[in-house]
Amino acid sequence: MARRVDVMVSPKKLLIEILGVLLLAQGVAAVTRHYSFNVRQKNVTRLCKTKPLITVNGKSPGPTIVTREGDRLVIKVHNHVKDNVSIHWHGVRQMRSGWADGPAYITQCPIQTGMTYVYNFTVTGQRGTLWWHAHISWIRASVHGAFIIYPKLHVPYPFPKPHKEATIILGEWWNTDTEKVIAQALQNGGGPNVSNCYTLNGHPGPLYNCSANDTYILKVIPGKTYLLRIINAALNDEMFFSIANHSVTVVEVDAVYTKPFKTDIFLITPGQTTNVLLTAHPNTSLHHHKNFAIAARPYATGQGTFDNTTIAGIVTYSKKTHFNFTHFKNSSLPKLPAFNDTNFATNYTLKLKSLANAQYPAAVPKTVDRKFFFTVSLGQNPCPKGFKCGAPNNTKFTASINNISFVMPTVALLQSHYSGKMKGIYKTNFPDNPPFVFNYTGTPPNNTSPMNGTRAKVLKFNTTVQLILQDTSIAGIESHPLHLHGFNFFVVGQGFGNYNKTKDSPKFNLVDPIERNTVGVPNGGWVALRFRADNPGVWFMHCHLEVHTSWGLKMAWIVKNGKGPLQSLPPPPADLPPC
């Protein structure tokens, strides 16, 4: 029988919340919350295939972090597997706590087998849904979980209080070891094998082989409203998401409240989160059945292969505790856009606006100190002599920003920056613009092979930045979900074709642009971002399609210290992992 998944908070999480509430009620400004993550292998069976899977505390998805705005978190990570591990708290600003950000070889060296590292940081000025995941190679395929920040005590949501909440994590499952998948792809230079299925909270659901009884079920009561916290933890796929015969109201993305709007379908890229309100129909007798399909499938704009399947779960009004979806029909699914429906993707993203009111202002920089123009490109390199390579025309795939394909260092950049020992580790000459101008979205020139290097861009503390991210057609146009660590940014503009400063910049939205930490660069187009560099440290920026990151579509920003200790990065913790 399929497993019932209630939306109630677990007793342990509830106890943590109650203790936090009691302390806050007694006048304590914030709570310190302790978590312990044990990274272990566990045999897991899905699609009738059993394999050893890297998990946290024996689960994938792993434990949910539950906290409140202003709380301090102390999360002890113990590595019991043969692989090196690090954990990134995706979207957490990490104000002056860059040592806890987590990307391997950027802010720390990874946690080696048998070692422990304590991530110690405070959640400052944020509330909403974020998530955590491994940040080394492709281990995040199974090592990830939700990170929920409740508002401060007595601060309500800026939307009607829901009856209950549920977290839904979109993921991917491979029957083989994902580390072998990417290792093979990097060796032969071709695209990696795609996943065997998608999952909802780890459940493949009734559309996949021998998985009808491994289905995510959301149980609802007629007329009640539910807050759904949706996270896309898939490695390589943007996803369309819908619930049959139901509309939802988008109220938050990337832990930033939005102007509410209704939609039947929404788009969510890897790395992004979306909170929606789902109001159950008041009278289910109007319908022929009491079960409605949740469905998601990919939005894919590139030329490579992808997992072109659909994941399904169930919203049920039934009071039954056991279900059998062996005879689940495709006809029960909501109608989703075609896999390459860029018109829908564009129209949806343009609806997203910041709440921008007195309580939650949109602090978008009206003027900027530094302007950057970065091309975001896939490419192909010649195959080494004597080898046969897997990309078209016997080449190897590569990826770059401003024609620099990033090479991961062997010492963490933050340690090198802090100690002042950068020689031989990285250079600070990352270009402000592409090395030469060309028709970025037209027929590309022949001389576009990227350079390899470990380069960063340095910013003075509190610099206001405008960044144009421009897709290119060098190896085919494609949407790229770009994630910036350490900051939120405002999406002030976007369009198709080549960015034109004279034509496009006057149209920028500086009133209520959406604020987030991960944005889709339109395929064959551009996006304009603004942010304030008010967080000293070293901050990774990369595509959240994991295969593109593996090919080099990444770079780092270095934000220098400001004046005094409150604008400076503190020393590293004593247990920072060695390289």
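Which cysteine does a disulfide join to Cys48? The partner is Cys210, with an S to S distance of 2.1 Å; a disulfide is taken here as a pair of cysteine sulfur atoms within 2.5 Å. The model is a predicted one, in which local features need pLDDT of at least 70 and side-chain atom pairs count only at pLDDT 80 or more, while totals for chains, interfaces and linings use all residues. Residues are numbered from 1 along each chain as its sequence is written, and side-chain values use heavy atoms, with hydrogens and water left out.

The disulfide of Cys48 and Cys210 links distant parts of the chain, 162 residues apart. Cys48 sits in the loop between strand S1 (32-46) and strand S2 (49-56), and Cys210 in the loop between strand S10 (197-200) and strand S11 (217-219). Helices (H or I, at least four residues) and strands (E, at least two) are DSSP runs, numbered from the N terminus. Cys48 has a relative accessibility of 56% and counts as exposed, whereas Cys210, at 41%, counts as partly exposed. For these classes, buried means under 20% relative accessible area, exposed over 50%, and partly exposed in between, with a 1.4 Å probe and protein chains only.

A search of the whole structure finds 3 disulfides. Another of them joins Cys109 to Cys579, with an S to S distance of 1.5 Å. Cys109 lies in the loop between strand S5 (87-90) and strand S6 (116-122) and Cys579 in the segment after strand S32 (554-559), so this disulfide ties together parts that are 470 residues apart in sequence. Cys109 is buried at 0% relative accessibility, but Cys579 is exposed at 53%.

The sulfur atoms of Cys383 and Cys389 are 2.1 Å apart and form a disulfide. This disulfide is right-handed because the torsion about its S-S bond is about 75°. Cys383 is buried, at 14% relative accessibility, and Cys389 is buried as well, at 10%. With bonded cysteines counted along the chain, the disulfides follow the pattern 1-3, 2-6, 4-5. Cys197 takes part in no disulfide, and the nearest cysteine sulfur, that of Cys210, is 9.8 Å away. Cys197 is buried, with 0% relative accessibility. The relative accessible area of Cys543 is also 0%, and Cys543 is buried.

The largest nonpolar core has 87 residues, of which Leu170, Leu228, Phe241, Phe374, Leu469, Met541 and Trp557 touch the most other members. A nonpolar core is a set of buried Ala, Val, Leu, Ile, Met, Phe, Trp, Tyr and Cys residues joined through side-chain atoms within 4.5 Å. Strand S18 (residues 291-299) gives the most to this core, with 5 residues. Not counting residues up to four places away in sequence, Leu469 touches Phe374, Val376, Leu482, Val521, Gly525, Trp526, Val527, Leu529 and Met541, contact being heavy atoms within 4.5 Å.

Apart from the largest core lies another, of 59 residues, among them Val56, Ile65, Val77 and Ile87. Ile65 belongs to strand S3 (residues 65-68) and is buried at 0% relative accessibility. Its contacts, leaving aside neighbours within four places in sequence, are Tyr35, Phe37, Leu73, Ile75, Trp89, Trp132, Ala146, Phe147 and Ile148. Ile65 and Phe374 are 309 residues apart in sequence, and their C-alpha atoms are 35 Å apart in space.

In helix H3 (residues 342-351), the residues Thr342, Ala345, Thr346 and Tyr348 are buried. Seen down the helix axis, the buried residues of H3 fall within an arc of 165°, so they line one face of the helix; the arc is that of the directions from the helix axis to the C-beta atoms. Their cover includes strand S14 (248-253), strand S15 (256-263), strand S16 (265-268), strand S17 (273-279), S18 and strand S27 (489-496). At the start of H3, a side-chain oxygen of Asp341 comes to within 3.3 Å of the backbone nitrogen of Asn343.

Thr263 is located in strand S15 and is buried, with a relative accessible area of 9%. Beyond residues up to four places away in sequence, Thr263 touches Ser247, Val248 and Val250. A polar atom of the Thr263 side chain lies 2.6 Å from the backbone oxygen of Ile265. Thr263 and Asn347 are 84 residues apart along the chain, with their C-alpha atoms separated by 11 Å.

Methods:
Polar contact = N/O pair within 3.5 Å; in protein donor to acceptor, adjacent residues only side chain to side chain.
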